[in-house]
Amino acid sequence: MLFSNRDLKKLMIPLVIEQLLAVTVGFADTIMVSNVGEAAVSAVSLVDGINILLINIFAALGTGGAVVAAQFIGQQAHEKARYSAKQLILITALLSAIMMVIVVFFNASLLHLIFGNVEVDVMKNAEIYFLFSALSYPFIALYNSGAALFRAVGNSKISMINSAIMNAINIVLNAIFIFGFQWGVFGAVLATLIARAVACIVILYMLIHSDNELRIDDMKHWSFDFTYIKKILSIGVPSGLENGMFQFGKILVQSLIATFGTYSIAANAVSNNIAQMQIIPGMAMGLAMVTVIGQCVGANDYQQARYYIKKIMKITYLSMLVLIAIILLATPTILTFYSLSKETIDLAYQCIFMHGFFAATVWPLSFTFPNALRASNDAKYTMIVSASSMWIFRFCLSYVLGQYMGLGLIGVWIAMFVDWIVRVIFFVWRYFNGKWMNRQLI
């Protein structure tokens with residue numbers, strides 16, 4: 001077997017810790033910003049929709065690079081794996097820098113175009129948060145690509161350590177800038193910028209100087225090799241388009257939520273924070289799936305691929321059931337940490353409990369499982385299914401339920417759950433018909 005139980009634990013446990021750290025910082029950020037006021041929470045929530053869209057596109061590039069590298073490692077072609085890693089870093093740096101420049105120059109215009117006439121205080125805070133977020137795009141993009149490369153060789157401990165460093169810096173500087181200097185939203189985004197810059201520098205240094213299988217050992221010669229870039233993009237572009245359309249749809253849904261008033265915007269932000277805590281194991285197992293299944297496919301061993309898909313999914317369901325039960329019991333206490341109105345808290349409470357049920361039953365097959373298909377070079381199929389389901393069900397149904405049927409924020413969340421169910425039907429069907437196998441990439 002390519003991965004023993006010990007190997008899987010060594011891969012998975014740091015990934016769970018890393019995801020826990022990332023979600024915890026988002027949770028802490030929202031709590032700290034909530035002390036500035038609901039306008040600040042709403043602004044951060046709106047801009048984070050755009051930020052997540054762009055960061056997920058960068059992360060998709062990392063996934064493409066990780067799949068290519070993992071398959072080369074499965075073939076024992078270590079020189080090609082290292083060369084593909086270098087090409088990933090190069091294309092990530094270029095694309096993230098271009099995106100940063102676009103957002104810096106069109107900051108206010110983009111926000112007004114997407115969110116329209118939100119309250120003046122919300123828009124003012126959103127413009128500040130968006131501008132400085134853009135400056136961090138190259139740092140977080142390169143960090144994600146570096147972390148993906150370490151995970152591709154099964155070394156998730158490195159990305160966990162770097163995540164811990166980044167999140168510790170973020171929380172400490174948040175406290176200093178928001179409570180000490182009274183900088184509000186600017187303090188929150190400045191802390192994020194500094195933390196991402198440090199994490200990026202550290203992980204790139206480790207990638208260059210470490211003895212890992214994907215080290216970049218020739219820093220003097222950088223040139224595009226489109227043969228390798230094409231392989232990376234064949235996974236990264238469909239995954240990026242999938243994530244991009246998914247997040248863009250969420251942004252448009254955020255625009256709908258913005259029409260429901262500040263209570264709904266703030267409740268949605270709080271609910272999303274706690275909902276992210278519920279799916280921590282699933283996100284971690286999705287990253288593990290790329291490494292494990294990628295190496296199985298590289299070795300052309302689909303029997304092992306099937307075995308590990310089933311094993312990882314069992315681990316995902318068990319761990320999520322336990323965590324969700326704990327979080328739902330703790331939700332009334334967690335909500336007391338937010339300085340929000342009773343109407344906002346009550347609305348968030350309903351969304352969190354609905355999410356808990358569907359996260360425990362549907363989410364793993366909708367989001368963790370398709371990473372096995374992506375690692376098997378079937379990223380175009382997952383893109384088509386996810387994008388179609390997103391627009392037809394989450395987006396259109398949100399307007400039907402939320403606006404026209406008067407369900408408001410609750411209707412938007414119900415539309416999201418319907419989207420998950422549709423994805424599961426198509427992904428499971430793809431797995432059982434076997435068309436995800438024997439799709440050559442390298």
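Is Cys200 buried or exposed? At a relative accessibility of 4%, Cys200 counts as buried in this predicted model, and the legends below take this cysteine and several other sites in turn.

**Figure 1. Close-up of the cysteines Cys200 and Cys296, in a structure that holds zero disulfides.** Cys200 has 4% relative accessibility and is therefore classed as buried, the limit for that class being under 20%. Cys296 is likewise counted as buried, with a relative accessibility of 0%. A disulfide would be a covalent bond between the sulfur atoms of two cysteines, and the structure holds zero of these.

**Figure 2. Close-up of the salt bridge between Arg151 and Glu18, in a structure that holds seven salt bridges.** The closest N and O atoms of Arg151 and Glu18 are 3.4 Å apart. This pair links distant parts of the chain, since Arg151 belongs to helix H6 (residues 137–152) and Glu18 to helix H1 (residues 5–34), with the two positions 133 residues apart in sequence. Both partners, Arg151 and Glu18, are buried.

**Figure 3. Close-up of the salt bridge between Glu79 and Arg82 in helix H3.** The side chains of Glu79 and Arg82 meet with an N to O distance of 2.4 Å. Because Glu79 and Arg82 are three residues apart in helix H3, about one helical turn separates them. The two partners fall into separate accessibility classes: Glu79, at 57% relative accessibility, counts as exposed, whereas Arg82, with a relative accessible area of 14%, is buried.

**Figure 4. Close-up of the salt bridge between Arg374 and Glu242.** The side chains of Arg374 and Glu242 meet at 2.3 Å, N to O. Arg374 lies in helix H15 and Glu242 in helix H9 (residues 226–258), so the pair ties together parts that are 132 residues apart in sequence. Arg374 is buried, with a relative accessible area of 8%, and Glu242 counts as buried at 5% relative accessibility. In another view of charged side chains, Arg394, Asp419 and Arg423 are linked in a network of salt bridges.

**Figure 5. Close-up of Asn377 in the loop between helix H15 (370–375) and helix H16 (379–404).** The side chain of Asn377 makes a polar contact with the side chain of Gln71, at a distance of 2.8 Å. Although Asn377 is placed in a loop, this residue counts as buried, with a relative accessibility of 13%.

**Figure 6. Close-up of Ala188 in helix H8 (residues 184–209).** With 3% relative accessibility, Ala188 counts as buried. When residues up to four places away in sequence are not counted, Ala188 touches Val33, Asn174 and Ile178. For one of these contacts, that with Asn174, the C-alpha atoms are separated by 5.3 Å, although Ala188 and Asn174 are 14 residues apart along the chain.

**Figure 7. Close-up of a nonpolar patch on the surface, with about 1,000 Å² of accessible area together.** The patch is formed by Leu94, Leu95, Ile98, Val101, Ile102, Val104, Phe105, Phe106, Leu135, Phe224 and Phe226. Helix H3 (residues 78–105) contributes the largest share of the patch, seven residues. Among the patch residues, Ile98 is placed in helix H3 and counts as partly exposed, at 44% relative accessibility.

Methods
Residues numbered from 1 in each chain as written. Predicted model: local features only at pLDDT ≥ 70, side-chain atom pairs only at ≥ 80, totals over all residues. Heavy atoms only, no water. Helix = DSSP H or I, 4+ residues; strand = E, 2+ residues; numbered from the N terminus. Buried < 20%, exposed > 50% of the residue type's maximum accessible area, 1.4 Å probe, protein only. Polar contact = N/O pair within 3.5 Å; in protein donor to acceptor, adjacent residues only side chain to side chain. Patch = residues over 30% accessible without salt bridge, like charges linked within 9 Å, V, L, I, M, F, W, Y side chains within 5 Å. Areas by Shrake-Rupley, 256 points an atom, 1.4 Å probe, with all protein chains shown as cover. Salt bridge = Lys/Arg side-chain N within 4 Å of Asp/Glu carboxyl O. Disulfide = S-S within 2.5 Å. Contact = heavy atoms within 4.5 Å.
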